[in-house]
Amino acid sequence: MVKKRSKIKDIIGKAIYSFDKKEKYIISYIDRTNDYGSRLLQITTDEIIAISNWAITLNDNETVIPIHRIVEIRDTNGKILWKKVLNNGR
């Protein structure tokens, strides 16, 4: 069984490190701030400049999103490539 982080990292890495950057994905993640609480935000792989074993870094060089906060990865046609399975099966 492939670990969750490995699968996410493989999908995102394919988009950001490919030579022609043909692949573009939409990533939904949980953002937590004091001002807004928890909210679901989206970014595209065009905004990512680096990926590590635990997080992705956006091109503003300030925003770091932990991989465990990613809940879904879709292609631009809406096809779900990866989706977080919740503990209660939903």
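Two strands count as paired if DSSP finds at least two bridges between them. Keep that in mind on this tour of a predicted model.

**Stop 1: the sheet**

Select the strands. An open sheet of four strands appears, in the order 2-1-6-7. The pairing is antiparallel. Now look at the two ends of that order. Strand 2, residues 37-44, stands at one edge, and strand 7, residues 80-83, stands at another. Each has a single partner strand, so one side of each is left without a neighbour in the sheet. View the strands against each other. Neighbours in this sheet are turned by 20 degrees on average, with direction ignored.

**Stop 2: strands 6 and 7**

Keep strand 6 and strand 7 in view. They pair in the antiparallel sense over three bridges. Select Ile73 next. Opposite Ile73 stands Trp82, in strand 7.

**Stop 3: a charged network**

Add Glu72, Arg74 and Lys83 to the selection. What links these three residues? A network of salt bridges does. Take the links one at a time. The side chains of Glu72 and Arg74 meet in a salt bridge, at 2.9 Å from N to O. Glu72 also forms a salt bridge with Lys83, where the closest N and O atoms are 3.8 Å apart. That second pair links distant parts of the chain: Glu72 is in strand 6, Lys83 is in strand 7, and 11 residues separate them.

Is Glu72 buried or exposed? Glu72 counts as buried, because its relative accessibility is 13% and the cut-off for buried is under 20%. Arg74 counts as buried too, at 18% relative accessibility.

**Stop 4: Asp75**

Move along to Asp75, in strand 6, which covers residues 70-75. Asp75 is buried yet has no salt bridge. Which side chain of opposite charge is nearest to Asp75? It is Lys79, 5.7 Å away. A salt bridge needs the nitrogen and the carboxyl oxygen within 4 Å, so the pair of Asp75 and Lys79, at 5.7 Å, does not qualify.

Now show the backbone atoms around Asp75. The side chain of Asp75 reaches the backbone nitrogen of Lys79 at 2.8 Å. A polar atom of the Asp75 side chain also lies 2.9 Å from the backbone nitrogen of Asn77. So Lys79 meets the Asp75 side chain through its backbone nitrogen, while no salt bridge is found for Asp75.

Widen the selection. Setting aside residues up to four places away in sequence, Asp75 touches Lys24, Tyr25, Ile26 and Leu81.

**Stop 5: Asp31 and Arg39**

Jump to Asp31 and Arg39. Their side chains meet in a salt bridge, at 3.1 Å from N to O. Compare the two partners. Asp31 is buried, with a relative accessible area of 15%. Arg39 is partly exposed, with a relative accessible area of 31%. How many salt bridges does a search of the whole structure find? It finds four.

**Stop 6: Lys9**

Finish at helix 1, residues 4-17, and select Lys9 within it. Lys9 is partly exposed, with a relative accessible area of 29%. Which residues does Lys9 touch, not counting those up to four places away in sequence? They are Ile51, Ser52 and Asn53. Then pick the C-alpha atoms of Lys9 and Ala55. These two residues are 46 residues apart along the chain, and their C-alpha atoms are separated by 9.1 Å.

Conventions
Residues are numbered from 1 along each chain as its sequence is written. This is a predicted model: local features need pLDDT of at least 70, side-chain atom pairs count only at pLDDT 80 or more; totals for chains, interfaces and linings use all residues. Side-chain values use heavy atoms; hydrogens and water are left out. Helices (H or I, at least four residues) and strands (E, at least two) are DSSP runs, numbered from the N terminus. Buried means under 20% relative accessible area, exposed over 50%, partly exposed in between (1.4 Å probe, protein chains only). Lys and Arg count as positive and Asp and Glu as negative; His and the chain ends are not counted. A polar contact is a pair of N or O atoms within 3.5 Å; within protein, one must be able to donate a hydrogen and the other to accept it, and residues adjacent in sequence count only if both atoms are side-chain atoms. Contact means heavy atoms within 4.5 Å. Axes are lines fitted to C-alpha atoms, for helices over the stretch in contact, and angles run from 0 to 180 degrees between N-to-C directions.
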